[in-house]
Amino acid sequence: MISLAGRDILHGWVRFLMTGFGLGLLIGVTLSMAGIYRGMVDDANVLIDNSGADLWVVQQGTLGPYAEPSSLYEDTYRSIIGMAGVARAANVTYLTMQVRHGGGDVRAMVVGAVPGGPGEPGQPGFLIAGRHLTGGHYEVVADVKAGCALGDTVIIRRNRFRVVGLTRRMVSSGGDPMLFIPLKDAQEAQFLKDNDMLLQQRRRMAQNPAFNRPNVPGLLDAIVASQTTSLYVNAVLVQLKQGYAPEAVAKDIQRWQRLQVYTRSQMRTILVDKLIATSAKQIGMFLVILSIVSAAIVAFIIYTMTMAKIREIAVLKLIGTKNRVIASMILQQAIGLGAIGFVVGKIAATLWSPFFPRYVLLEPGDAIRGFIIVMVISVLASILAITAALKVDPAEAIGG
Amino acid sequence: MSGNGIVIEGLQKRYGSGDTLVDALKGVDMQVAPAEVVGLVGPSGSGKSTLLKCLGAVIEPSAGLMRLGEKIIYDGGWKIRDLRALRRDNIGFVFQAPYLIPFLDVVDNVALLPMLAGERNGAARKRAMELLEALDVAHRAKAMPAQLSGGEQQRVAIARALVNHPPVILADEPTAPLDSQRALAVIAILNDMARQYETAIIIVTHDEKIIPTFRRIYHIRDGRTHEEAGEGKSPHELIKIDKA
């Protein structure tokens with residue numbers, strides 16, 4: 001038996017292909033939306049994995065450095081490093097801000113890390129060019145997404161930093177590239193005031209009799225100095241010795257240091273379930289809407305194609321064609337349209353995903369799931385047309 | 001299913017009920033022998049199409065008897081369970097317009113019926129080609145219907161009606177869109193095929209050009225048929241006269 005669906009498609013293949021192409025672009029958008037969600041989750045995981053930390057020690061009652069402001073004294077790490085199970089501990093600051101590079105602005109997450117080698121907590125996990133931070137000041141290791149090259153200058157607040165190393169896939173949970181600078185510079189950048197404000201602050205303090213006591217020399221200078229230097233960090237990243245359970249060490253730090261401690265799995269939960277939850281719901285809604293729109297389009301196209309063949313279907317029924325053959329013809333066309341749409345969509349999503357500002361992760365599993373969903377949608381969408389075709393009276397072919 | 005052609009006795013068809021009751025057929029008697037071509041003529045609304053639909057097992061009569069060869073197909077109710085198979089294997093249809101399947105080429109339009117009946121593609125196409133050769137359109141076997149002239153399309157439609165060697169062909173105004181030369185040519189083909197395949201052919205027509213070719217004509221009026229003898233002129237002769 002010849003394939004009626006195949007012959008019909010071949011007969012009007014240009015129209016069929018163009019329709020499939022249009023549907024494919026829609027499917028491509030749907031796959032990209034799923035890819036954006038996967039990219040967000042992957043960014044969060046990369047952020048955790050590349051931090052080099054087993055535990056995040058933050059201010060009590062906060063959700064950690066990525067989700068909420070957290071402030072710790074910079075010497076807190078000294079008491080942590082002495083605790084059982086702790087191999088290394090390092091201060092770190094995080095600040096999302098606009099930095100200037102090449103005459104333009106770049107939205108970036110500036111990470112203040114203690115200069116050191118690879119594997120140190122807070123340092124980028126690996127570099128694709130250059131070296132890690134070694135100097136005490138004015139060096140930066142930047143993610144390539146920031147558009148920097150080795151030797152470039154990046155301006156953070158009033159200070160100029162030279163790019164000494166480059167990383168890849170080091171982005172914040174918001175998708176902003178990370179710039180690693182020495183901790184001291186980062187602390188200064190976080191709390192740096194402009195010159196006018198510093199002058200005003202000094203004047204106000206000098207006029208305040210509580211701070212400017214004639215019989216206490218040096219008090220005013222000490223207070224002014226304390227106002228212009230920052231002794232705070234956002235978190236202490238901890239690496240554990242082998243054989244120690246993160247939960248047990250976290251419990252000890254919480255108990256004895258009265259600080260909040262998160263393990264990797266807890267931090268992953270915060271980033272994925274809390275930070276990107278709203279975005280995920282938003283994307284989920286888009287996916288649902290796009291699926292419904294795709295289904296409606298397939299249904300409409302297949303229904304229109306079927307209605308255009310109503311006389312031929314009546315003739316086919318009159319000459320003895322079984323309903324099964326007619327239903328199969330329509331179903332095959334719907335599946336064919338869905339298959340073309342999926343292939344076009346997958347290719348389109350793959351081609352255009354590198355141009356998205358955020359990382360788009362197209363997972364093979366999602367592609368397989370997407371293909372199954374497209375097939376199911378195509379089958380469901382063909383029901384309307386099949387119902388209409390099966391209702392066609394063979395007597396219509398005779399007329400009268 | 002050879003032997004008696006098609007026999008209809010007291011066939012009735014009613015539509016609606018109560019105040020809307022319409023007696024479309026009020027007791028039609030007809031008999032068409034194998035290899036015979038008869039005309040069925042009548043004004044609009046006389047019941048021609050209803051009769052054709054009943055004969056084609058497309059709508060169910062209300063009463064009467066229909067016999068195809070030795071087999072009773074209707075006697076106060078359908079006596080055949082699979083009407084679809086009955087149509088496919090026993091009744092050929094030729095319409096006013098050819099209604100070829102536009103996405104199949106000529107040979108597959110004809111071979112589709114035996115394929116639907118389960119015949120292998122190669123054998124079905126071979127049979128279709130034989131018919132197309134007999135109808136002088138074999139050279140267009142690979143053409144699509146839209147590439148054919150009206151006369152060629154109608155010949156392909158006749159080939160499709162004949163391909164399963166049905167005992168009966170129902171033709172609904174098959175010459176309406178054709179000029180007199182082509183109309184007579186189609187009737188000549190149907191006559192030749194009726195003789196060659198022992199097929200009973202009923203042609204519904206208004207076409208004055210072809211009415212003289214029938215030996216027997218059934219007039220249908222107000223749902224009843226009246227038989228009369230026709231002139232029985234040879235369509236081949238009429239073509240020559242028409243050309244002259």
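Which residues in H9(A) meet which residues in H11(A)? I began with this question, keeping in mind that the model is predicted.

**Entry 1: H9 and H11 of chain A**

I looked up the two helices and noted that H9 covers residues 277–307 of chain A, while H11 covers residues 323–352 of chain A. From the H9(A) side I listed A:Val298, A:Ile301, A:Ile302, A:Met305 and A:Thr306, and these meet A:Ile330, A:Gln333, A:Ala334, A:Leu337 and A:Gly338 in H11(A). Sorting the residues of this contact by character, I found 7 nonpolar and 3 polar, with no charged residue among them. I then turned to the geometry, where H9(A) and H11(A) pack at an angle of about 140°, with axes 10 Å apart. I therefore entered H9(A) as oblique to H11(A). The crossing of these two helices is right-handed.

**Entry 2: H1 and H11 of chain A**

I next asked at what angle H1(A) and H11(A) pack, and how far apart their axes are. The angle is about 50°, and the axes lie 8 Å apart. That value makes H1(A) oblique to H11(A), and I recorded the crossing of H1(A) and H11(A) as right-handed. On the H1(A) side the contact uses A:Leu4, A:Ala5, A:Asp8 and A:Ile9, which meet A:Val325, A:Met329, A:Gln332, A:Gln333 and A:Gly336 in H11(A). This contact of H1(A) with H11(A) divides into 5 nonpolar residues, 3 polar residues and 1 charged residue. I also noted that A:Gln333 appears in the list for H9(A) and again in the list for H1(A).

**Entry 3: where chain A touches chain B**

How many residues does the contact take from chain A, and how many from chain B? I found 19 residues from chain A and 24 residues from chain B. On the side of chain A that touches chain B, helix H1 (4–11) and helix H10 (310–318) each supply at least two residues, and the largest share, 4 residues, comes from H10(A). I sorted the residues of that side of chain A into 9 nonpolar, 5 polar and 5 charged.

**Entry 4: H2 of chain B**

From the other chain I looked up helix H2, residues 83–90 of chain B, whose buried residues are B:Leu86, B:Arg87, B:Arg88 and B:Asn90. I asked what the buried residues of H2(B) pack against. Within chain B they pack against strand E4 (63–68), strand E5 (71–75), strand E6 (91–94), helix H3 (106–116) and strand E7 (168–172), and across the two chains they pack against H10 of chain A.

**Entry 5: the chains as wholes**

I closed with the overall description of each chain, starting with chain A, which has 12 helices and 12 strands. Its radius of gyration is 31 Å, whereas a compact globule of 400 residues would have one near 21 Å. The C-alpha atoms of chain A fill a box of roughly 120 × 50 × 40 Å along the principal axes. Of the 400 residues of chain A, 40% count as buried.

For chain B I noted 7 helices and 10 strands. The radius of gyration of chain B is 18 Å, close to the 18 Å that the globule rule gives for 244 residues, so I recorded chain B as being as compact as a globular protein of that length. Its C-alpha trace spans about 55 × 45 × 35 Å along the principal axes, and 50% of the 244 residues of chain B count as buried.

How values were computed
Residues are numbered from 1 along each chain as its sequence is written. Chains are lettered from A and ligands numbered from 1 in the order in which they are written. This is a predicted model: local features need pLDDT of at least 70, side-chain atom pairs count only at pLDDT 80 or more; totals for chains, interfaces and linings use all residues. Axes are lines fitted to C-alpha atoms, for helices over the stretch in contact, and angles run from 0 to 180 degrees between N-to-C directions. Angles under 35 degrees count as roughly parallel, over 145 as roughly antiparallel, 65 to 115 as roughly perpendicular and the rest as oblique. A crossing is left-handed if the near helix is turned anticlockwise from the far one by less than a right angle, and right-handed if clockwise. Two residues are in contact if their C-beta atoms, placed from the backbone, lie within 7 Å. Ala, Val, Leu, Ile, Met, Phe, Trp, Tyr, Cys and Pro count as nonpolar, Asp, Glu, Lys and Arg as charged, and the others, Gly among them, as polar. The radius of gyration is taken over C-alpha atoms; the globule rule is 2.2 Å times the number of residues to the power 0.38. A residue is buried if 20 or more other C-beta atoms lie within 10 Å of its own, exposed if 12 or fewer, and partly exposed in between; C-beta atoms are placed from the backbone.
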